[in-house]
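Work through the exercises below with the model open. Try each task before reading its solution.

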Amino acid sequence: MRTHVVLMTLVVMATAVTGKASIFKSFLGETSASDFFGGIFSKVQEIIATFKKSKDAKPTDQSPVASKPKFCKKRECPPFAEKNSTDDYELRCYEAAKWVSTKANGHPTPMGQTSRQMFKQLFQYIEGNNVAGQKIDMTVPVLNSIAGSGEMKDRVMSFYIPEKFQAAPPAPKDPQVYIETKKFCAYVRSFGGYVIRYSQINGQAMKLAKALKKDGLGESYKKSVTYYAGYDEPWAMSDRHNEVMLMKV
């Protein structure tokens with residue numbers, strides 16, 4: 001079952017990077033098993049080559065990164081102060097920092113079409129689709145805000161801008177991509193595993209809300225929006241880290 005989930009995740013991410021849907025035809029059984037698996041592994045190689053461009057790049061003027069949580073692993077992540085912690089959640093406050101973001105209205109499935117398109121736009125920005133033609137290291141998390149009561153949600157996806165570019169990040173060329181400053185405090189619940197369905201995010205958010213209510217904090221957060229943060233590459237097989245956040249009012 002776990003192998004199936006991993007393969008499905010890689011297939012979807014392959015479509016996000018390449019913009020092609022042909023691999024799904026294999027998954028639906030229109031080609032032989034050998035062609036299906038061969039197609040997957042071919043796409044996986046493309047994914048790894050693309051994502052490792054940022055991971056393996058060695059900029060000549062890299063700003064030092066402050067101490068960071070272990071779950072950020074080798075990537076830079078936004079600094080925060082932990083104000084409180086329980087067995088169920090922690091309260092973090094993030095200092096003002098610049099993020100590159102894009103908006104859309106669509107289904108909140110993490111690996112769905114809307115998510116893939118949003119990710120692709122942001123990834124193209126850090127790969128050089130900006131006025132400076134500047135390549136920028138990939139950071140974590142990929143932060144998503146999800147709002148709305150219907151099946152289609154108002155979405156914002158964001159990448160943290162590395163410290164090296166915080167003072168003056170290059171402007172995006174894509175009119176749907178923009179730079180913004182975020183400063184917030186949030187209740188955060190961490191969990192592991194692959195997140196491929198919105199129901200997983202919603203379930204974790206409900207557990208967080210229940211814990212906050214139990215602690216007398218049921219009215220201390222914004223109920224109109226849920227944030228989801230992912231920290232790992234799709235090929236990471238273990239020690240995966242995910243978070244849901246409810247914004248403190």
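**Exercise 1. Classify Cys93 by its accessibility, then describe its disulfide.**

Step 1. Cys93 has a relative accessibility of 18%, so it counts as buried. Buried means under 20% relative accessible area, exposed means over 50%, and partly exposed lies in between (1.4 Å probe, protein chains only).

Before going on, note the ground rules. This is a predicted model, in which local features need pLDDT of at least 70, side-chain atom pairs count only at pLDDT 80 or more, and totals for chains, interfaces and linings use all residues. Residues are numbered from 1 along each chain as its sequence is written, and side-chain values use heavy atoms, with hydrogens and water left out.

Step 2. Cys185 is partly exposed, at a relative accessible area of 25%.

Step 3. Cys93 and Cys185 form a disulfide, with an S to S distance of 2.0 Å. The cut-off for a disulfide is a pair of cysteine sulfur atoms within 2.5 Å.

Step 4. The torsion about this S-S bond, between Cys93 and Cys185, is about 105°, so the disulfide is right-handed. Cys93 lies in strand E2 and Cys185 in strand E5, so the pair ties together parts that are 92 residues apart in sequence. Helices (H or I, at least four residues) and strands (E, at least two) are DSSP runs, numbered from the N terminus.

**Exercise 2. How many disulfides does the whole structure hold, and what is the pairing?**

Step 1. A search of the whole structure gives two disulfides.

Step 2. Besides the Cys93 to Cys185 link, Cys72 bonds to Cys77, with sulfur atoms 2.1 Å apart. The Cys72 and Cys77 link has 100° about the S-S bond and is right-handed.

Step 3. Cys72 is buried at 2% relative accessible area. Cys77 is buried at 9%.

Step 4. Number the bonded cysteines in sequence order. The pairing reads 1-2, 3-4.

**Exercise 3. Is Thr102 buried or exposed, and what does its side chain reach?**

Step 1. Locate Thr102 in strand E2 (residues 90-106).

Step 2. Its relative accessible area is 0%, so Thr102 is buried.

Step 3. The side chain of Thr102 reaches the backbone oxygen of Gln176 at 2.8 Å.

Step 4. Set aside neighbours within four places in sequence. Thr102 then has contacts that include Met118, Leu122, Arg155, Met157 and Tyr178. Contact means heavy atoms within 4.5 Å.

Step 5. Turn to Thr181, in strand E5 (residues 177-191). With the same sequence neighbours left out, Thr181 contacts Ala96, Ala97 and Lys98. The C-alpha atoms of Thr181 and Ala96 are 6.3 Å apart, although the two residues are 85 residues apart along the chain.

**Exercise 4. Check the span of helix H5, then find its buried face.**

Step 1. Helix H5 (residues 198-214) has 17 residues. The expected span is 1.5 Å times one less than the number of residues. That gives 24 Å for H5, and its end C-alpha atoms are 24 Å apart, which agrees.

Step 2. The buried residues of H5 include Ile201, Ala205, Leu208 and Leu212. Seen down the axis of H5, the buried residues fall within an arc of 120°, so they line one face of the helix. The arc is that of the directions from the helix axis to the C-beta atoms.

Step 3. Recall the helix geometry. An α-helix has 3.6 residues a turn, so residues three or four places apart point the same way.

Step 4. The face of H5 turned away from the buried side carries exposed Met206, Lys210, Lys213 and Lys214. The buried residues of H5 pack against E5 and strands E3 (142-147), E6 (225-230) and E7 (242-247).

**Exercise 5. Where are Lys73 and Asp239, which have a positive phi?**

Step 1. Most residues other than glycine have a negative phi, and most peptide bonds are trans.

Step 2. Lys73 has a phi near 55°. Lys73 sits in the loop between helix H3 (33-56) and strand E1 (80-85), and counts as partly exposed at 33% relative accessibility.

Step 3. Asp239 also has a phi near 55°. Asp239 sits in the loop between E6 and E7, and counts as exposed at 60%.

Step 4. For the peptide bonds, look at Val140 and Pro141. They are joined by a cis bond, with omega about 0°. Pro141 is in the loop between helix H4 (113-126) and E3.

Terms used:
Polar contact = N/O pair within 3.5 Å; in protein donor to acceptor, adjacent residues only side chain to side chain.
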